Amino acid sequence: MAIEAYQIEKIVEEVMRKMVSGGSGDSFAGKAKGIFESVDEAVKAAKAAQKELVAMRIEKREMLLKAMREAAIAHAEELARLAVEETGMGRVTDKIIKNRVAAEKTPGTENLQPSAVTGDRGLTLIERAPYGVIGAITPSTNPCATVINNSISMVAAGNSVVFSVHPGAKKASLLTVEILNEAIEKAGGPANVLTAVASPSLENTNALMKHPDIKLLVATGGPGLVKAVLSSGKKAIGAGAGNPPALVDETADLERAAKSIVAGASFDNNLPCIAEKEVIVVDYVANQLISYMKQNGAYLANDREIKALMDLVLTKNENLKAEGCTVKPEKLYGGINKEYVGKDAAYIMKKIGVDIPEDTKLIICEVDEDHPFVLEELMMPILPIVRVPNVQKAIEVGVRVEHGNRHTAVMHSQNIDNLSAFARAVQTTIFVKNGPSYAGIGIGGEGYTTFTIAGPTGEGLTAASSFTRQRRCVLVDGFSIV
Ligand code: NAD
C-alpha cells in the first residue's frame with residue numbers, strides 16, 4: 001500500500017511530538033503541555049498563567065491569538081481525522097471545515113468594545129475584564145472545533161482555561177489543547193494558559209465545578225450537563241441541546257430549499273446542535289421538495305425501512321413493556337441508541353439490510369408530527385419529514401418540536417410575513433432564512449463563528465465579550481471635553 005506524502009508528514013509530526021513530550025500519546029499527564037494528573041494541579045497552573053497573560057499588552061495578546069489560529073489551521077486535518085477515528089462519529093471533510101472556521105472566524109480582542117458615558121459630572125468608562133480561570137466542559141460531537149473556538153474567545157478576553165473534555169473524545173481534545181498551548185508559548189506567551197486533566201471523567205468535571213479558583217463555568221453539551229453547571233452555585237454559561245425544525249412553505253424556492261436542507265442536515269452526519277433535525281413542509285409542495293432532496297443526495301426510506309430504522313436507532317421505553325399496553329407504537333421508544341450517532345447514511349441502512357450508494361448524504365422519511373424521529377435529537381443522518389396543510393400549522397408544529405430549547409430554527413419561504421411569524425413564534429437564538437443551518441454560524445453566511453451557542457443562559461453566540469465581567473471606572477468632574 002503506497003503512503004501518500006501528507007501521511008508521511010503526519011507520521012513525522014506525530015513522532016516528533018512524542019519525542020518532545022516523551023509520551024506514548026495515550027497518557028498525556030506531565031508530558032504534554034498543559035495536561036495534568038489532577039484538577040487541582042491544572043487549576044493552579046492555569047491560575048499562574050492567567051496572572052502573566054493579563055499583564056501583557058493587548059497587542060501581545062493578539063499575537064498569541066494569531067499563533068493559536070495558525071496552529072489550529074495547520075493541524076485542522078490531523079485533528080479532524082483523529083476525532084473521527086476516536087469517536088467513530090462524523091465526517092473528516094466536514095470536521096476540517098469546522099476546525100478551520102473556528103480558527104479563522106472566532107473573534108479576537110476587537111470583540112471587547114468598551115463604552116463610555118460623559119456629561120456634567122465627568123467621564124465614566126465601562127470596560128470588559130476577564131473572569132480569571134474558566135472551567136470549560138466540551139462535547140464529543142465537535143470536540144476539536146469547540147476547544148479551538150473556546151480557547152480563542154476565552155484567551156482574547158484575558159482568561160486562562162481548564163478544560164474538562166468529553167471522555168469519548170479525549171485524545172483529539174487533549175491534542176488540540178496541547179497544540180494551542182505550544183503555539184502560545186512559541187509566540188512568547190505563558191505556559192499553561194490552556195490546561196486539562198489527563199483522565200477526564202464525571203468525577204473530575206464535578207471537582208472542576210466545585211473548585212474555588214474557577215470563576216466561570218462554560219458548558220457545551222446535552223441537557224444533563226447544562227443542568228449540572230446551572231446547579232453549581234457559580235456563574236455559568238450553558239450551551240445545550242437543540243432540535244432545529246426546517247419549515248418549507250408554498251412560496252419557497254424548492255430547489256434551493258432542498259439543496260440547503262440536505263447540505264445542512266448531512267453536515268458532519270448531523271452532529272452539530274444547529275443541524276436541521278426535522279422538516280415541516282406544506283403539503284402542496286411536499287412531493288416536489290422530496291423529489292429535489294433525492295436529486296441532491298438523499299435516500300427516501302419506505303415504511304418497512306422506517307420501522308427497521310426505529311428498531312435500530314431508538315431504544316425501547318422500558319416503562320411501557322407491560323403486556324396489553326395500549327399506547328401509540330411510537331411511544332414504545334424511549335431515546336436514541338448512541339451507537340448510531342454521527343454514522344454515515346449508508347452504514348446505517350446496511351445495518352437494516354439495505355444497500356445504498358456509499359456517498360448517500362442523508363436518509364429521509366415521511367412520518368407524522370409525533371414520531372420519535374421528530375421529537376428526539378437524533379444527531380444522525382436520518383431526517384424526518386412532516387406534511388402539514390398550511391403554514392400556520394407548520395409554525396405551530398415547528399414551535400412545539402423545537403421543545404423550547406430556543407436554539408436554532410430554519411425556514412424556506414419568499415413570504416416576509418411567514419418568515420417573521422415563525423421567527424417571532426419560535427424565539428430561537430439562531431434563525432436561518434433560505435439557507436443551510438450552518439450559515440447561522442458563519443459557514444456560508446455573514447457573521448462570526450462559535451461552537452458554543454448559549455440559548456439557556458442567553459449569551460447567544462458566544463465570543464470574547466461573553467467571557468468577561470463589566471467593570472465601571474468613574475472620573476468625577478473631569479475629562480468631559482464638550
Ligand atoms: P454530553 O452532554 O454527553 O457531554 C458533554 C460534556 O459534559 C462531556 O464532557 C461530558 O463528560 C460532560 N457531562 C455530561 N453529563 C454531565 C453531568 N451530568 N455532569 C457533569 N458533566 C457531564 O454531550 P455530547 O454527546 O458530547 O454532545 C451532544 C450534545 O451537546 C447535544 O445535545 C448537542 O445539541 C449539544 N451541543 C450543544 C452545543 C451548543 O452550542 N448549544 C454545541 C455542541 C453540542
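How much space lies in the largest pocket? About 1100 Å³. The model is predicted, and this volume is computed from it.

The lining of the largest pocket comprises 45 residues. P139, H166, G221, G222 and P223 are the ones nearest its centre. Two elements each give two or more residues to this lining: α8 (202–210) and α9 (223–230). Helix α9 gives the most, with 5 residues.

Now turn to strand β10, residues 278–282. Is this strand enclosed or open to its surroundings? Buried means under 20% relative accessible area. By that cut-off 5 of the 5 residues of β10 are buried, so the strand is largely enclosed by the rest of the structure. The cover extends to both faces. E278, I280 and V282 are buried on one side. V279 and V281 are buried on the other.

Which strands pair with β10? One is β9, residues 245–248, which joins it in the parallel sense over 4 bridges. Within this pairing, V248 stands opposite V281 of β10. Another is β15, residues 382–388, which also runs parallel to β10 and is joined to it by 4 bridges. Here V279 of β10 has I385 of β15 as its bridge partner. V279 and V281 thus come up twice: both are buried on one side of β10, V281 faces V248 in β9, and V279 is bridged to I385 in β15.

The link from β9 to β10 involves a helix. Helix α10, residues 254–266, joins these two strands in a β-α-β unit. The unit is right-handed.

Next, a single residue. N99 is found in helix α5, residues 92–105. Why does N99 count as buried? Its relative accessibility is 2%, and the cut-off for buried is under 20%. Beyond its neighbours within four places in sequence, N99 is in contact with A76, L79 and A80, and also with C144, A145 and I148.

Finally, the record. An unreviewed UniProt entry places "domain: Aldehyde dehydrogenase" at residues 36–296. In the model that span is 51% helix and 19% strand. Its end C-alpha atoms lie 47 Å apart. UniProt, again in an unreviewed entry, places a "coiled-coil region" at residues 39–66. Over residues 39–66 the chain is 93% helix and 0% strand. The end C-alpha atoms of this stretch are 28 Å apart.

Notes. Residues are numbered from 1 along each chain as its sequence is written. This is a predicted model: local features need pLDDT of at least 70, side-chain atom pairs count only at pLDDT 80 or more; totals for chains, interfaces and linings use all residues. Side-chain values use heavy atoms; hydrogens and water are left out. Buried means under 20% relative accessible area, exposed over 50%, partly exposed in between (1.4 Å probe, protein chains only). Two strands pair if DSSP finds at least two bridges between them. A crossover is right-handed if, with the strands pointing away from the viewer, the path from the first strand over the helix to the second runs clockwise. UniProt positions are given in the numbering used here, feature names are shortened, and annotations may be inferred rather than shown by experiment. Contact means heavy atoms within 4.5 Å. On a 1 Å grid over the protein atoms alone, a cavity is a set of points where a 1.4 Å probe fits but cannot get out, and a pocket is an open set with protein on both sides within 12 Å along at least five of seven lines; lining residues have an atom within 4 Å of a point. Grid points are joined across faces, edges and corners, and a volume is the space filled by probe spheres set on the points.
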